[in-house]
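Student: Could we go through this structure together? I would like to understand how each label is earned.
Tutor: Gladly; here it is.

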Amino acid sequence: MNIDANPNLPVTSLRQLAEAEAACRRCPLYRDATQAVPGEGPKRATFMLVGEQPGDKEDLAGKPFVGPAGRILDQALHDAGIARREAYVTNAVKHFKHEMRGKRRLHKRPSNYEIERCKIWLERERELVKPAAVIALGVTAARSLTGKTVTIGKLRGKPLALADGTRLFVTVHPSALLRIEDAADKHAAYRQFVADLKSAATAR
Ligand code: URA
């Protein structure tokens, strides 16, 4: 199966999808990444959480959200009453984009071109998992899902609808919380993040 050469080929399982992502050469990001990081979670999850791209730890582990952003996401999901094992967690871009600073690999935000090239994988994930609600974590995920450049402040807190009718909720990326230095501001931002997750979980 070479879905990369022919993106119209059907992918009928998450395992097949992960294999196709691993072979993806649709943009140059595969060259410097250790591996593609597929989504993770039950095939019929109610919620799909979409991040930006794997970070350093995820690139090495081959699993999404296992580093510092993953820890804060796990805590927030718990506080929002969502079990992570019942959510499907993935990224808009499947390879880690970075630049070297000495021996460190520093995250670089994916370009609109890279987001667009990677979008077929997120679409296939949505077709397979069929979540009731998708939660976009940050601008890259929101851009991939809506096809538009968006501001989180304008979209957060209100349910939107994707073209196929799936509910979409937009909130901040958990790594934005990690960057806030002031403890009170950080706490307030965290509470807001948990409230966003909770409203996605309880919306009918
Ligand atoms: N940030 C993301 O957007 N995704 C991950 O998997 C990890 C960090």
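Tutor: Let us start with a definition: buried means under 20% relative accessible area, exposed means over 50%, and partly exposed lies in between, using a 1.4 Å probe and protein chains only. This is a predicted model, in which local features need pLDDT of at least 70 and side-chain atom pairs count only at pLDDT 80 or more, while totals for chains, interfaces and linings use all residues. Residues are numbered from 1 along each chain as its sequence is written, and side-chain values use heavy atoms, with hydrogens and water left out.

Student: Why is E52 called buried?
Tutor: E52 has 9% relative accessibility. The cut-off for buried is under 20%, so E52 counts as buried.

Student: What makes R109 exposed?
Tutor: Its relative accessibility is 55%, and exposed means over 50%, so R109 counts as exposed.

Student: Why is the contact of E52 and R109 called a salt bridge?
Tutor: A salt bridge is a side-chain nitrogen of Lys or Arg within 4 Å of a carboxyl oxygen of Asp or Glu. For E52 and R109 the N to O distance is 3.9 Å, so the pair fits that definition. The two residues sit in distant parts of the chain, 57 residues apart: E52 is in the loop between β1 (47-51) and α2 (56-61), and R109 is in the loop between β4 (104-107) and α4 (112-129). Helices (H or I, at least four residues) and strands (E, at least two) are DSSP runs, numbered from the N terminus.

Student: What makes D74 and R84 a salt bridge?
Tutor: Their closest N and O atoms are 2.9 Å apart, so the limit of 4 Å is met. D74 lies in helix α3 (residues 68-79) and R84 in the loop between α3 and β2 (87-91), so the pair ties together parts that are 10 residues apart in sequence. D74 is partly exposed, because its 34% falls between the cut-offs. R84 has 19%, so it is buried. E40 and K63 join D74 and R84 in a network of salt bridges.

Student: Which labels do K97 and E114 earn?
Tutor: K97 has 15% relative accessibility, so K97 counts as buried; E114 has 10%, so E114 is buried too. Their side chains meet in a salt bridge at 3.0 Å, N to O. K97 is in the loop between β2 and β3 (98-101), and E114 is in helix α4, 17 residues away. The structure holds 12 salt bridges.

Student: How do you know that the span of α3 agrees with its number of residues?
Tutor: The expected span of a helix is 1.5 Å times one less than its number of residues. For the 12 residues of α3 that gives 16 Å, and its end C-alpha atoms are 17 Å apart, which agrees.

Student: Why are the buried residues of α3 said to be on the same side?
Tutor: The buried residues are A69, G70, I72, L73, A76 and L77. They cover an arc of only 165° around the axis, which puts them on the same side of α3; the arc is that of the directions from the helix axis to the C-beta atoms. On the other side, R71 and H78 are exposed.
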